[in-house]
Amino acid sequence: MTNINLSIIKHKHNKDGVFVTMKKGFIKKWVTGLTIGALLLTTAGCGGGGTAPAANNDSKGEAAKIGVIAYLTGGGAAYGTAIKEGLDLAKDEINAQGKVQIELIYTDSRGEKTEAINAANKLINKDNVVGIIGPTLSGEMFAAGPIANQAGVPIMGTSTTAEGIPALGDFVFRNALPEFLAVPQAVEKAISTYDLKKVAVMYSNNNDWAVSGYKTIESTLKKNGVEIIATETFADKDTDYSAQLTKIASLKPDAVMVSSLYQEAALVLKKAREIGITVPFVGTNGFNSPELIKIAGPAADGAIVASPWFPGKADEKVQKFIADYKAKYNNKVPDQFAAQAYDALYLYASALEQAGTTTDRQKLRDAIATIKDFQGVTGKFAFDENREPVMNATVLIIKDGQFTELK
Amino acid sequence: MFWQQLVNGLTLGSTYSLVALGYTLIMGVLNIINMAHGEIFMIGAFVGLYLVTYFEVNIFVAMAGAMVTSALLGCLMETVALRPLRRKAVSHLAPLISTIGVAIFLESLALNLFGPQSQAFPTELAAVQMQLGPIRISLVQIIILGMSFGLMFVLRFWLSKTRVGKAIRTTAENIETANLLGINTNKIIFLTVALASGLGGIAGVLVGLSFNAVEPTMGLSMGLKGLAVLILGGMGNITGAMLGGLILGIAEVFTVAYGASSYRDAVAFGMIILILFIRPQGLFGKRQGGRF
């Protein structure tokens, strides 16, 4: 009995084995077939997407679709929120003026490169946007910029300040003052104001943009003959800085230079003041947020940063922008991110108007590239031949919880 | 600078220990890794923060509030996500995956309830400083050190000397035998999860106090450190969790102080790998049986 049973089982096994392999073969074929089908469909969709805008070219009545990739949730959400507010305000004004109509499509990148890539793909292929504003972080731009460039969609960073962004391609722009222009202004101003001889440097070493800022700080210090007595690193989202700062405190620097986002910068400042470091702190663009003051409180006093945006400027356009922004957003004073986003949408609007299209990406790109003498809330603005912004910065210092001009 | 850095390391390390204690308790009794512990810790931090900011209560009241909320949350997790899986003969990985689910749920909930911004405790507490010889220590650091060491010793004593503690240890040894001995193991498991989560809540408030950054994603990084300490100390060993946390904290701080800050985590975790090479069962883990 047992023998027979065994043989039956064996047989079954064999049969099953054959069946399974056959099935696998079938499934494989099916899957390949389906994948090819799906691929064909998507490429067909892409082709349709690519040609459709060309077909109804110059349809002026339609709103121009502009995609936005912003850091809307997570540790740097204040950046994304400010950008969204600036853009919404500009959109309402532009649509009310009626020369061009703009529709904004928001996507959240959560400060992550992969999310930024997904967002760019969605905006380009699914939403069929004519241009993109964002992403928020330079690291995200390094990931998403090449995708937009390859698809021939203009993409403009409003806060991407690391070196080498427009070099990503002909379709990549930025109206953010790059760190290599802004940071040296802040560092040199601090050196001359406080007669700095030896300084400590800190930066976030897992953030492309912060590392780029650090390199700029380092080269500026070297050029000015200031000694760097300590270089300490941390990572984005770190919370404990006591070890680095205790070490820095024992070396007694004349100033500390920090390249990081606002959250880390605020915690560094807080801890530094707590353990008795009272010297000035010079920061990169991350210091440019009211959130820094909100989180660090009185510890933020003495922080120095170069900013293209200064709300205290006695300029009619600037003051009107601040008044409108305050009226729309609960008496909130716009920060640099809101101001640059606001200007970016106006840049798009004037380029759209000049190009006379709401769908032709190539024409829009050419129109943006030729922008000169644009007057925005962040001052006079132009793109140079490398699509880098030409603009001036003001060096600011935080005093009693307010950004004031460092003189 | 040495003594100051030692204090920094101890403060950091004791927060790791506190987080690891929660993992250890659940690991010891239920033999699972509770991936939601970091998020329960985060919720505890937020409850403490809101109690201090909006109800202006004393920090110890806030800690108690955080502890109760986290403990209740732990019980809820046990009822909804763990107990149903224990009744059926499911894979060992099932409870692990379901706690990951709880973790993601809690993080999303916190993002919606509290917003993505990092928030801070009022600064008055951090501002109180003392100079003891070469060391400058803040009131917050003293509270953290005191609370963590206090809690660890109370926990150890309670587990080894009291009746309930003995019941927990028996359950940890073998659930079936404990059942046969007349211990209500369901009740004991409930108690353990509540205790572990409550400790997590307190740790949340303490970490929030010392680092001044309470945000919905804080649970992940702290949770990872806690897990590392759990393994370093020996799975389910309380002394191991205590000392493991301190070792990790001091290793991290000293790497920054006397080495390069870029290698902070690399050195700390490299050291853990090295220790595990020599003692694969962890610092205090036994090769067989006998937990706590």
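This is a short talk about a few strands in chain A and how they pair.

Okay, one thing before we start: what you're looking at is a predicted model.

Let's begin with strand S10 of chain A, which covers residues 303-307. Is that strand buried or exposed? Five of its five residues are buried, so S10 is largely enclosed by the rest of the structure. And that goes for both faces. On one side you've got A:Ala303, A:Val305 and A:Ser307, and on the other A:Ile304 and A:Ala306, all of them buried.

So who does S10 pair with? Take strand S9 of chain A, residues 281-283: S9 and S10 run parallel, joined by two bridges. If you want to find a spot on screen, go to A:Phe281, whose bridge partner in S10 is A:Ala303. There's a helix to add here as well. Helix H9, residues 290-296, goes with S9 and S10 to make a right-handed β-α-β unit.

Now, strand S14 of chain A, residues 394-399. S14 pairs with S10 too, but in the antiparallel sense, and over four bridges. Look for A:Val305 here, which stands opposite A:Leu396 in S14. That's the A:Val305 we just met among the buried residues of S10.

Okay, moving on to another bit of chain A. Strands S11, S12 and S13 form an open sheet in that order, with antiparallel pairing. Which strands sit at the edges? Those are S11, at 374-376, and S13, at 389-390, and each pairs on one side only. Between S11 and S12, residues 379-383, there are three bridges. One pair to click on: A:Gly376 has A:Gly379 in S12 as its bridge partner.

Notes:
Residues are numbered from 1 along each chain as its sequence is written. Chains are lettered from A and ligands numbered from 1 in the order in which they are written. This is a predicted model: local features need pLDDT of at least 70, side-chain atom pairs count only at pLDDT 80 or more; totals for chains, interfaces and linings use all residues. A residue is buried if 20 or more other C-beta atoms lie within 10 Å of its own, exposed if 12 or fewer, and partly exposed in between; C-beta atoms are placed from the backbone. Two strands pair if DSSP finds at least two bridges between them. A crossover is right-handed if, with the strands pointing away from the viewer, the path from the first strand over the helix to the second runs clockwise.
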